[in-house]
Amino acid sequence: MSLESVDMEFSHERIDDDPPCSKLSSLETTDLTGNGRPDIIVTGMGGNPTISVAGNRIQVPTHGPLSRVTPRLETNIFWYENPGWERHTLATETDLHPGVGTDLADIDGDGNVDLVVGQGFGRSNVYWYEQPESPTDPWQQHLISDRFEKYHDLLVADVDNDGDAELIGLSQDSETVFYYDIPAAPSQEPWPDSNAHIIDEDIRIEGLAVADIDGDGTKEVVAGTNVYHHDNGDWVRSDVCTGWDDTRVTVADLDQDGTPEIILSEGDSPTYGTHPGRLAVVEYPAGSPTVLKDDLFCPHSLQTADLTGNGYPDIYVGEMSLGENASPEQLVFENLGDGEFRDHTVVSGIPTHEAQLVDMNGDGKLDIVGKSYGPAHHVDVWYRH
């Protein structure tokens, strides 16, 4: 397949250049209105907003009196209605400080998707927000747990192969991989301690996926560069690779051989890592990382999907800015189907964080929806031509 035969052009739409919160942490998409179009849910940690002074964006100090006031003036969870992008408040509570850990799932079994949110730096709560009859009304908050601290990645999936979904999470500051059985009455606060299970401790990681990656018919937990196997009630850990900084993780059968590969990107490197960010594919369990790129700046967005229509999943990765990277890029690694990849720069100059590949306008093509992390704050869609 030649480079010229693949159309990788995207057009940009700025959904919001002045969100009601700073340090935008998570992004989820789902159809809340029932019109067949995905809406966009955004969370933000807050506490570090900008204000406009003489046409320039000035960052509010993070220390002193203003640092205590500004979080209470921000909306921490909100959503955009597609089409038109009217913004709605999802959570009315202030100073929530939600981190990157979020997921969508029907927690209470009423047929409507709910939102699971974990707090970030220095906070210990995990909540689920119950979708009301009208999604434009405030969603009711329910406390799941305050047992751990700083959640980076939450996922609702069947992690112990019992046929029921659980809530699995990574607590970075408590250095714990855990999961909760969802109780029959999920509105109880907090969920019972007896529903909590520890997979691993004394490990600080990020990046989470659940999949049968070894073809044995049962699902494994991929957390960072570790794989956890559920064996007769015990959890057994094995390494995917070593020497990697904090990673984003996804799993896909890239070569269509029936067994998926693990894809890793060092989402916080080099700013919070030891070297420029790498993107790699790993054949588990025997393979070592095949590095596709080794000079990325904080590639915190990582997705896999077939963008070319050749039946093989491609890899999308997007860079952050953090006020250090003046030329962030978003790239698609075209999967040629023979273990080879060809990279395309599809967006230049606009940073993104936790972006997703979703058909936003119903034309059958996957678009990119994302938002920045900071210091500038904006929400964006790039439509595939």
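## Salt bridges across the chain

A salt bridge here is a side-chain nitrogen of Lys or Arg within 4 Å of a carboxyl oxygen of Asp or Glu. The model is predicted. Side chains of opposite charge can pair when their charged atoms come close. Across the whole structure, a search finds eleven salt bridges.

Start with Arg278 and Glu266. Their side chains meet in a salt bridge, with 2.9 Å from N to O. The two residues are twelve apart in the chain: Arg278 sits in strand S22, while Glu266 belongs to the loop between strand S21 (261-265) and S22. Is Glu266 buried or exposed? Glu266 is buried, because its relative accessible area of 0% falls under the 20% limit. Arg278 has a relative accessible area of 19%. That value is also under 20%, so Arg278 counts as buried. Elsewhere, salt bridges with shared partners form one network out of Asp153, Glu206, Arg248 and Glu354.

## Two further pairs

Arg87 and Asp16 make a salt bridge through their side chains, at 2.7 Å from N to O. This pair links distant parts of the chain, 71 residues apart. Arg87 is in strand S7 (residues 86-91) and Asp16 is in strand S1 (residues 10-16). How accessible is Arg87? Arg87 has 39% relative accessibility and counts as partly exposed. Asp16, at a relative accessible area of 11%, is buried.

Arg123 pairs with Asp95 in another salt bridge. Their closest N and O atoms are 3.2 Å apart. Arg123 is in the loop between strand S9 (114-119) and strand S10 (126-130), and Asp95 is in the loop between S7 and S8, so the salt bridge ties together parts 28 residues apart in sequence. Arg123 is partly exposed, with a relative accessible area of 24%.

## A four-stranded sheet

Four strands form an open sheet in the order S12-S13-S14-S15. Their pairing is antiparallel. Which strands lie at the edges? Strand S12 (151-157) and strand S15 (196-201) do, each pairing on one side only. From one strand to the next, the twist averages 20 degrees.

S12 and strand S13 (residues 166-171) run antiparallel and are joined by five bridges. One bridge partnership involves Val156, whose partner in S13 is Leu167.

## Backbone around the sheet

Two non-glycine residues with positive phi sit in loops that border S12. Lys150 has a phi of about 55 degrees. Lys150 lies in the loop between strand S11 (140-145) and S12. Its relative accessibility is 7%. The limit for burial is 20%, so Lys150 counts as buried. Asn161 has a positive phi of about 60 degrees. Asn161 is found in the loop between S12 and S13. The relative accessible area of Asn161 is 31%, which means it is partly exposed.

Cis peptide bonds also occur. Glu189 and Pro190 are joined by one, with omega near -15 degrees. Pro190 is in the loop between strand S14 (176-181) and S15. Another cis bond links Tyr284 to Pro285, with omega about 10 degrees. Pro285 is placed in the loop between strand S22 (277-282) and strand S23 (290-296). S22 is also the strand that holds Arg278.

## The largest pocket

Rolling a probe the size of a water molecule over the atoms shows where empty space is left. The largest pocket has a volume of about 630 Å³. It is lined by 25 residues, and those closest to its centre are Leu155, Leu208, Val249, Gln303 and Glu354. Glu354 is a member of the salt-bridge network as well.

Several strands give two or more residues to the lining: strand S2 (24-30), strand S8 (98-105), S12, strand S16 (208-211), strand S20 (248-252), strand S24 (301-305) and strand S28 (353-358). Which strand gives the most? S8 does, with five residues. S12, an edge strand of the sheet, is among the contributors too. By residue class, the lining divides into eleven nonpolar, nine polar and five charged residues.

Definitions and conventions. Residues numbered from 1 in each chain as written. Predicted model: local features only at pLDDT ≥ 70, side-chain atom pairs only at ≥ 80, totals over all residues. Heavy atoms only, no water. Pairing = 2+ DSSP bridges. Axes fitted to C-alpha atoms, helices over the stretch in contact; angles between N-to-C directions. Buried < 20%, exposed > 50% of the residue type's maximum accessible area, 1.4 Å probe, protein only. 1 Å grid on protein atoms, 1.4 Å probe; cavity = no way out; pocket = protein on both sides within 12 Å on 5 of 7 lines; lining within 4 Å. Points joined across faces, edges and corners; volume = space filled by probe spheres on them. Nonpolar A, V, L, I, M, F, W, Y, C, P; charged D, E, K, R; others polar.
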